[in-house]
Structures are given as structure tokens and as C-alpha cells.
Amino acid sequence: MTKPGQLFAMMVTGLALVATPAAAGAAPSAQTPPTVNIVGGTQAAEGAYPWMAKLSVGCGGTLVSPDIIISAQHCFSTPGKTFTADIGKVDATQASGAGQRRTGSKYLVGTGPQKKDWAVLKLDTPYNAPAYPVFPADTRYDAVPKFRAIGWGTTTSGGNVSKMLLQVDIPLVADSNAACKDAPATEICAGDLTNGGVDTCQGDSGGPLMSPLNGDLGSTRPNEWVLVGMTSWGRGCAAKGEPGHYAQLSAMRQEVLNAITSLGGQPPVNMGGTTPTPTPTPTPTPTPSAGCTVTNTTPTAIADMSTAQSTLTVSGCDGNAAANAAVTVAIDHTYIGDLVIDLLAPDGTAVNLANRQGGSAKEIRKTYTVDLSGESANGTWTLRIKDAAAVDAGTLQSWGVNLRPGR
Ligand code: ARG
């Protein structure tokens, strides 16, 4: 049995190894590293985890509000002045594309691995992610059959770090299992004890262990993951009989929230439905006009630097639309001036409604009058919203058309 002192030495070595891959294998106290695929993982889809952060200390982290990243204490054990966080990227070496780089210089930490391995880093400048994972209210999501972990850590024990964000699904190892006896009160254990092969590894520390909010590991919604743990430590990686150990967030929840408050950070955005969602500004509805008025009230996310589309279908409005057709739009966005908004007629003709007007305004509640007399009314109409500038994001709350006002 490895003594805790040796374990910590291994973890620190692991970190150094991430920063300097050339030093791999130099750890004198390390056991023979099993050759396994950590992660037995697959590459994460672009946009699946827009809140995931890669920290310059060779760790992962989770953005839970625009200026707060949750990570692990042992990632911050060598005090630095400023930490860099690449947020929302799959290839974190790519400066362009999705996501943003931020710095953070204020942080608070817990007591470390096998105790309370949490860290809270406050960003110097907020980043508004298009979605956030759920910050857990209690232990409810701590014992699911399988978790998901993600990170840029090594893909084998003692191997090289991954350039791309990888994900892996890992079975729960119960607190009652002997393999999880180190610190069951403050850790979640996960691993395939029989076969090995799926695990986090060096460089994944601080990153999230997640439970699917709706029990579905196939969910592709970035806000449907519950942050239940922070990757902490293991004896090697992905070995049979050895689970990965994750700081159990529910066991240190209040200290983490207190740390966020003392750092002056914004509280976690996604409390998983435990806090009421603010009432949105009421949306004006177009005056009903049988068959020619249709509204779509399903919200559509407008992610940073991407194009969102929402459709509605008009039937029972024979003939062409009017020269004074009305298009009503309700959008919330942290910077309205980012948006290029077009209406696409059923035949694909585009009519521009807004082209990056509105500056730093936060919402559009507007009815545009458009000459659609050249377009047949029946068919599928599309509202296309392009976010053409980095940083901000928002939501199309609803939109509608009245293709023949006054009739
Ligand atoms: N301590 C490691 C790090 O700093 C994480 C190790 C996780 N190991 C495991 N077998 N799950 O990145």
C-alpha cells in the first residue's frame, strides 16, 4: 500500500510532467505505470462543454459563473501570480475559433487531496458562456451509475497530454468498496475496477466529474451536466482495481460558495432549477389575423460567434404576403450590436432586419415592417441570427410573423 505522503509526491510529479513532458518517467517513487488509455476517451464535440477551462497550470476547471472557475486545490499548490484559462475550446492551443482566453489572479483553496480538494479562481474579466453546468444543491447526483469526465490530461499513465479535449464515461465505485476507502466522506470514486481502461489522468485534475442532469449520458445540451466532482488523484491511471478519486463537491459546497462570495465573484449561474428563473420582459404578440399570423415561442440559444436559426410554418394564408408584413422579434443578448438578423422566406429569399445595430443594448423587443409582397405566404419562414463578434451571447426568446396585417 502506498502511503499518503508518496501519493502526494506522485501527484506533484504528475503535474510537473504535464508542464514538461520531457521529464516523463523521472519520478523515482512512481510505481510502474500501467500502459492504458486514460481516458479510453473520445474527442469532445465542439460546443458541448462551452464552460470547460484549461488552466495554464496544467489542470482543468469549470466555469460556473462568468467570473468563477472551480478547480482543485493541488493545482494551485505552487503559487503563481496570474493564471490563464482557455475557456470553451476543444483545441485549447487554437487562439481563434470558439471560446476565449481569460486571466485570473485571485483564488482560494481547500485543504487538498483526500481532504477537500477544491479551488475557486476569480477571473479578472468575466466571460459570458452560452451555458453553464449545474452547481449541485445536495448529494442527489453523487451516485449515478456512470459519470462523465473531460480534460486535456495524459492519455496513458505517464504519457503525453492531449491537444484536444477528451471525454470518457466512468462507472461509479461506491464509498463502501474497499478500493474507495481513502476518503469516502469527501471523495467520489469512479473507475472500471474489473477491466480498467477508463479514467482521468495527470493534467485532468481540477476538471469536472459530471452526472447527467436527466440521466442521459447522450445529452448534447451543455447545461444538462451536474458538476459533482473535481478530478483529484489516483494510483496510476486506469489500472484494474484502482479508481480515480474526485473531490466531492456536495461535501464542500458551502465553503466553495463562501469562497466565491469572499472573492467578490458572481454566484453559480445554473443551480439546476433550485432558483426561480427571472421573469423575462413580456413579449409583444402580433395582432391575430387568421392563418397569416404565426408565433414561435420556443427559446433558441444564440451562441457566441455562431449562427442560430428558428423556423415557423405558415399555412392557410394563401397568396402572397403583404407589403407591410410585420415581423416581431424578442431577443435577449449581452451585446445586441453583435447581431445580424435576417428573415428567410420559404423560397430562401433573405430580408435583412438588423445589421449590428444597437450597440451594448441588452434586448430587442421590436416589430419590423417588411415588404414581403414578392413572397408567397405559406411555407416555412426562418429567422436567422448571426452573432458576428466575440465574447457576448444570448437567446432568441420568441418571434412571429403577421404576413397580412389588417386582414
Ligand atoms: N493528480 C492528477 C492531476 O494533477 C489527476 C490524477 C487523476 N488520476 C486518476 N487516476 N484518475 O492532474
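Visitor: What makes β2 and strand β3 count as paired, and in which sense do they run?

Guide: In this predicted model, four bridges join β2 to β3 (residues 59-65), and the two strands run antiparallel. Pairing requires at least two bridges, so the four bridges between β2 and β3 satisfy the criterion. One partnership places Lys54 with Gly60 of β3.

Visitor: How many residues lie between β2 and β3 in their hairpin, and what is the phi of Gly58?

Guide: Three residues separate the two strands of the hairpin. Gly58, in the turn, has a positive phi of about 80°.

Visitor: How do you know that β2 pairs with strand β5?

Guide: Three bridges connect β2 to β5 (residues 83-87), in the antiparallel sense. The requirement is at least two, so β2 and β5 are paired. Within this pairing, Ala53 stands opposite Ile87.

Visitor: Why is strand β2 said to be covered on both faces?

Guide: Met52 and Lys54 lie on one side of β2 (residues 52-55), Ala53 and Leu55 on the other, and all are buried. In a regular strand, side chains alternate between the two faces of the sheet. A residue is called buried if 20 or more other C-beta atoms lie within 10 Å of its own; because Met52, Ala53, Lys54 and Leu55 are all buried, both faces are covered.

Visitor: Which residues come nearest to the ligand, and what makes up the shell around it?

Guide: Of the 16 residues around the ligand, Thr200, Ser205, Gly234, Cys237 and Gly244 come nearest. The shell divides into five nonpolar, nine polar and two charged residues. Helix α1 (4-19) and strand β12 (225-233) each supply at least two of them, and α1 gives the largest share, three residues.

Note on methods. Residues numbered from 1 in each chain as written. Predicted model: local features only at pLDDT ≥ 70, side-chain atom pairs only at ≥ 80, totals over all residues. Near = placed C-beta within 6 Å. Nonpolar A, V, L, I, M, F, W, Y, C, P; charged D, E, K, R; others polar. Buried ≥ 20, exposed ≤ 12 C-beta atoms within 10 Å, placed from the backbone.
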